[in-house]
Amino acid sequence: MRHAHSVQAVRAAESELMARLPEGALMQRAAAGLAAACAALLAGRGPVPAVRPGRGPGVYGARVVLLIGAGGNGGDALYAGARLVRRGAGVTALLLAPAKAHAGGLAALAAAGGEIIETAEETATDPAYAAHWHHVERMLTRADLVVDGITGLGGHGGLRTGAARLAHAAEADQVPVVAVDLPSGVDADTGEVHGPAVTADLTVTFGTHKPGLLVDPAREHAGTVRLIDIGLDLPGPAAAEALQHADVAALLPRPAPESDKYRRGVVGICAGSARYPGAAVLCVHGALRTGAGAVRYAGPGDQAVVARHPETLVSAGLPSEAGRVQAWVVGPGLGEDEEAGRRVADVLAQDVPVLVDADGLRFLDRERLRARTAPTLLTPHAGEAARLLGVEREHVEAARLASVRRLALEYGATVLLKGSTTLVAAPDESMPVRVNATGTPWLATAGSGDVLSGVVGSLLAAGLAARDAASAGAYLHGLAARHAADGAPVDAQDVAGALPAAWRDVKRG
C-alpha cells in the first residue's frame with residue numbers, strides 16, 4: 001500500500017524527528033537521496049534519457065542547473081548539487097529569491113565549486129534584465145538535468161512569472177527535470193493546479209507520498225515518483241492511499257471446496273434498454289469474468305443477454321421479482337424515461353448493497369439514499385459528479401479529491417469517481433481516499449464503464465465492503481485494460497475478456 005499524508009502531518013513528523021537528530025541531519029538525508037536519484041538518471045537509469053549527444057552517461061561532465069526558491073526544498077537541491085559537484089558535475093544554482101535561499105545549502109554548493117547566479121523573480125519583467133534572463137534561459141536549454149527546488153510543501157497557486165519562464169524553457173527543450181518533493185506550482189494536499197507549474201520527469205519525494213503526487217491534475221506534473229525513506233514516523237490514517245498487487249490479492253474472494261453458486265455471490269443487474277442493449281451485455285460480461293457465482297438480469301435486454309451469456313438467469317420484470325441476490329447493479333444504459341426511474345427506485349428499496357451507475361444516477365433522491373441501511377456505491381464520471389453536486393464539470397476535474405469527498409458525505413454513499421486516476425471515497429472523513437492508477441488512456445472507450453460496474457457488482461455480491469469492492473474492482477479493471485491493450489486500441493469486450501489475466505497477475509503478485 002502506498003500512503004500519502006497531508007502537509008500538516010509531514011511537518012509534524014519532521015519536527016519531531018529533527019528534535020532528536022543533529023542540526024541539519026534530516027536535510028542531509030533528503031539531499032543524499034536526491035543526489036543519488038539525479039546520478040542514476042544521468043547514468044541512464046531513470047524514466048527519461050539524460051545523456052546528450054557527445055557526452056557519455058554518468059555524472060562526470062554533466063551540466064546540472066538548480067532552480068532555487070525560498071525554503072527547505074531549495075536547501076535539499078543545493079546540498080544535492082554540492083554532492084554532484086564532488087562527483088564531477090558542473091552545477092549552477094539560479095536563485096529566484098536570493099535573500100531567502102537556504103544559507104547552509106548555498107555555502108555547501110559554493111565550497112564544493114558550484115556556480116551561483118542571482119536571478120531574482122522581481123527582475124523577470126524588468127527590461128534592464130532582459131539579457132540576463134535570456135542568458136539563463138539558454139543555460140537551461142543546454143543543461144543535461146534541471147532540478148526543481150522552487151517552492152516547498154506549503155506552496156499555493158501557480159508559479160510566478162520568472163519561475164514559470166525558467167520551467168517553460170526547460171520543458172520546451174525537453175531537458176529532463178527532477179522535482180524536489182513535489183513539482184513546484186501544484187498543491188500538495190489537494191492535487192489541484194492553479195496556474196503555471198513545473199512538469200517533472202521524476203519527482204523525488206521524502207518520507208511519504210503527498211496526495212498531490214497521486215491525484216490528477218497534479219499527478220500529471222509529477223512524472224515517475226521515487227520515495228526516499230528519511231525516517232519519518234507518520235502515525236494515524238493517511239489522507240490518501242493506493243492499493244498494490246498484494247493489497248488487492250488479499251481482498252479478492254476465493255471459493256472454498258464447499259462453495260456453491262449462492263455462497264460465491266449472486267449479483268443482480270438492472271441495465272440496458274431497447275436502445276442500449278449492449279450496456280446490459282457488457283455489465284453481465286464484467287460480472288461473470290470477476291467470479292460471480294451467478295448473475296440475475298432484470299430488464300428489457302434479456303434476449304441480448306441470453307444470446308451472449310446463456311448462463312445468465314434472466315427476467316423481463318421488475319428487479320424485485322428476479323429472485324434472491326447479494327447485491328444489485330443498476331443504471332448502465334437504462335435510459336431516462338419513467339420506467340427507468342421505476343426500476344432504480346425498485347432496486348434501491350431492496351436491503352442489499354447497490355451500485356448505481358450512469359443513467360441510474362439521474363434518479364437519485366439524496367435523502368432517500370442517506371436513509372438506506374444497506375451500503376450504496378455511486379460510480380460517476382466527472383460530468384455526472386458535477387450534476388450531482390450542482391457545479392460545473394471543470395470544477396470537479398480541477399478539484400477531484402475535494403469533489404469525491406464532498407459527494408460521499410452529501411449522499412451518505414461510497415463514491416467511485418472515474419477518471420485517469422480513479423478515486424474511491426467512503427462517507428467517513430476519517431478514512432483515506434483510495435487512488436487507483438492501473439488504467440491506460442485506451443480505457444476511455446464506450447462501454448468500459450459498463451464492464452467496471454459488473455466487476456464491482458460481482459465483488460459486492462461476494463461480500464466485500466463497498467470501499468474494498470470499488471477499489472479492488474477499479475484496480476482489476478484498469479489492469480485488464482493494460483493486458484488487453486498492450487500498446488494498441490481496445491474495446492470494452494477486450495477489457496472484459498482480459499479480466500482473468502488481470503486476476504491471475506494480481507494473485508501471482
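## A tour from A322 to the cores

Start by selecting A322, which sits in the loop that joins β12 (313-315) to β13 (327-330). You are looking at a predicted model, so keep that in mind as you click along. Is A322 buried or exposed? With a relative accessibility of 13%, A322 counts as buried, because the cut-off for that label is under 20%.

Now show what surrounds A322. Beyond the neighbours within four places in sequence, A322 is in contact with R296, A298, S315 and W328. Add G299 to the selection as well: G299 and A322 are 23 residues apart along the chain, and their C-alpha atoms are separated by 9.6 Å.

Next, select helix α13, residues 338-348. Its buried residues are A340, G341, R343, V344, D346, V347 and L348. What do they pack against? Colour β10 (266-270), β11 (294-298), β13, β14 (354-356) and α14 (366-371), and you will have the partners of those buried residues.

Time for some empty space. The largest pocket holds about 830 Å³. Its lining has 37 residues, and to find the centre you can select K418, G419, L443, A444 and S448, the closest ones. Then bring up the helices α11 (277-288), α15 (382-389), α16 (393-398), α18 (448-461) and α19 (466-485), since each supplies at least two lining residues. Coloured by class, the lining splits into 12 nonpolar, 16 polar and nine charged residues.

Move on to the second largest pocket, with a volume of about 470 Å³. Of its 24 lining residues, E14, M27, G72, N73 and D76 are the closest to the centre. Elements giving two or more residues to this lining are α1 (7-18), α2 (25-42) and α3 (72-86). Which of them gives the largest share? That is α1, with five residues. By class, this lining has 10 nonpolar, nine polar and five charged residues.

Finish with the nonpolar interior. In soluble globular proteins, nonpolar side chains tend to be buried together. Here the largest nonpolar core has 54 residues, and L34, V64, L66 and V147 have the most contacts inside it. Helix α2 gives the most to this core, with 11 residues. Zoom in on L66: setting aside neighbours within four places in sequence, L66 is in contact with A77, L78, G81, V91, T92, A93, L94, L109 and V147. As a last stop, select L282, L460, A474 and A498, which are among the residues of a second, separate core of 52 residues.

How values were computed
Residues numbered from 1 in each chain as written. Predicted model: local features only at pLDDT ≥ 70, side-chain atom pairs only at ≥ 80, totals over all residues. Heavy atoms only, no water. Helix = DSSP H or I, 4+ residues; strand = E, 2+ residues; numbered from the N terminus. Buried < 20%, exposed > 50% of the residue type's maximum accessible area, 1.4 Å probe, protein only. Contact = heavy atoms within 4.5 Å. 1 Å grid on protein atoms, 1.4 Å probe; cavity = no way out; pocket = protein on both sides within 12 Å on 5 of 7 lines; lining within 4 Å. Points joined across faces, edges and corners; volume = space filled by probe spheres on them. Nonpolar A, V, L, I, M, F, W, Y, C, P; charged D, E, K, R; others polar. Core = buried A, V, L, I, M, F, W, Y, C linked by side-chain atoms within 4.5 Å.
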